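Good morning, and thank you for the time on today's agenda. Please look at the structure on the screen while I go through it region by region.

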Amino acid sequence: MQIRKANIVHSVKHQKFVASFPCVVCGNNTEVQCCHIRSIPKLGNVGKGIRDDRFCIPMCFQHHTEQHLIGELEFFEKYNINPILISMKLASISPCKKINQSKQEGAYNGKLNYQEHIRNNKKNTLQS
């Protein structure tokens, strides 16, 4: 299943809301950025670099940069973070109407196990 561009949510309000939280890695409250999760197995956008504001988490500049340097899968495994679960929790309390509407339409339904996705991706990479 591929995500259609019409289904992508962009919300500056939600991005600012996410960036108001401390970094999910170190807890730093300064220079926090909204970091988009670009490899979401449910949406079929693995490796496509699609930026959907429904799936983003707060990270300080240092960890956001590290995540881009080593790649999402390795980064989230290194710090034992489930970014989809965090993004879902943030969406559940978001003040953004677009995010709330998307939530009601079932954007977060289904199995979103990022750790399993990391393991499967590594297996596939090793086998190819």
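I begin with Cys-35, a residue that lies in strand β1. Please keep in mind throughout that this is a predicted model. Is Cys-35 buried or exposed? Its relative accessible area is 1%, and because buried means under 20%, Cys-35 counts as buried. Which residues does Cys-35 touch, leaving aside its neighbours within four places in sequence? The contacts are Phe-55, Cys-56, Ile-57, Met-59, His-64 and Gln-67. Take Gln-67 from that list: Cys-35 and Gln-67 are 32 residues apart in sequence, and their C-alpha atoms are 9.2 Å apart in space.

A second residue in strand β1 is Gln-33. Its relative accessibility is 28%, so Gln-33 counts as partly exposed. Apart from residues up to four places away in sequence, Gln-33 touches Ala-19, Ile-57, Pro-58, Met-59, Phe-61 and His-64. Ala-19 and Gln-33 are 14 residues apart along the chain, with 5.0 Å between their C-alpha atoms.

Let us now consider the strand as a whole. Why can we call strand β1, residues 32-36, largely enclosed by the rest of the structure? The reason is that 4 of its 5 residues are buried. As a general point, side chains in a regular strand alternate between the two faces of the sheet. Strand β1 has a partner, strand β2, which covers residues 56-60. The two pair in the antiparallel sense, over 5 bridges. Within this pairing, His-36 stands opposite Cys-56 in β2.

With the strands in place, we may step back to the overall arrangement. How many helices and strands does the protein have? There are 6 helices and 2 strands. Read from the N terminus on, the elements follow the order α-β-β-α-α-α-α-α. The protein has 128 residues, and 42% of them are buried. Among contacts with a separation of 6 or more, 71% are between residues 24 or more positions apart.

I turn next to the aromatic residues. The structure holds 3 aromatic pairs. One of them joins Phe-75 and Phe-76, whose ring centres are 5.4 Å apart and whose planes stand at 80 degrees, an edge-to-face arrangement. Another joins Phe-75 and Tyr-79: here the centres are 4.9 Å apart and the planes are at 55 degrees, so this pair is tilted. Together, Phe-75, Phe-76 and Tyr-79 form one aromatic cluster.

How accessible are the members of this cluster? Phe-75 is buried, with a relative accessible area of 0%. Phe-76 also has 0% relative accessibility and counts as buried. Tyr-79, by contrast, has a relative accessible area of 28%, so Tyr-79 is partly exposed.

My next topic is charge. In general, side chains of opposite charge can pair when their charged atoms come close. How many salt bridges does a search of the whole structure find? The search finds 2. In one, Asp-52 pairs with Arg-54, and the closest N and O atoms are 2.5 Å apart. Both Asp-52 and Arg-54 are buried.

In the other, the side chains of Lys-78 and Glu-66 meet, with 2.6 Å from N to O. Lys-78 lies in helix α3 and Glu-66 in helix α2, residues 61-70, so this pair ties together parts that are 12 residues apart in sequence. The two partners differ in their surroundings: Lys-78 counts as exposed at 51% relative accessibility, whereas Glu-66 is buried, with a relative accessible area of 16%.

I close with Glu-72, which is found in helix α3, residues 72-78. Glu-72 is buried and yet has no salt bridge. Which side chain of opposite charge is nearest to Glu-72? It is that of Arg-38, at 5.1 Å. Because a salt bridge requires the nitrogen and the oxygen to be within 4 Å, the pair of Glu-72 and Arg-38 does not qualify. The backbone of Arg-38 is another matter: its nitrogen lies 2.6 Å from a polar atom of the Glu-72 side chain.

Thank you for your attention.

Note on methods:
Residues are numbered from 1 along each chain as its sequence is written. This is a predicted model: local features need pLDDT of at least 70, side-chain atom pairs count only at pLDDT 80 or more; totals for chains, interfaces and linings use all residues. Side-chain values use heavy atoms; hydrogens and water are left out. Buried means under 20% relative accessible area, exposed over 50%, partly exposed in between (1.4 Å probe, protein chains only). Two strands pair if DSSP finds at least two bridges between them. Lys and Arg count as positive and Asp and Glu as negative; His and the chain ends are not counted. A polar contact is a pair of N or O atoms within 3.5 Å; within protein, one must be able to donate a hydrogen and the other to accept it, and residues adjacent in sequence count only if both atoms are side-chain atoms. Rings of Phe, Tyr and Trp (its six-membered ring) pair if their centres lie within 6.5 Å; planes under 30 degrees apart count as stacked, over 60 as edge-to-face and the rest as tilted. Contact means heavy atoms within 4.5 Å.
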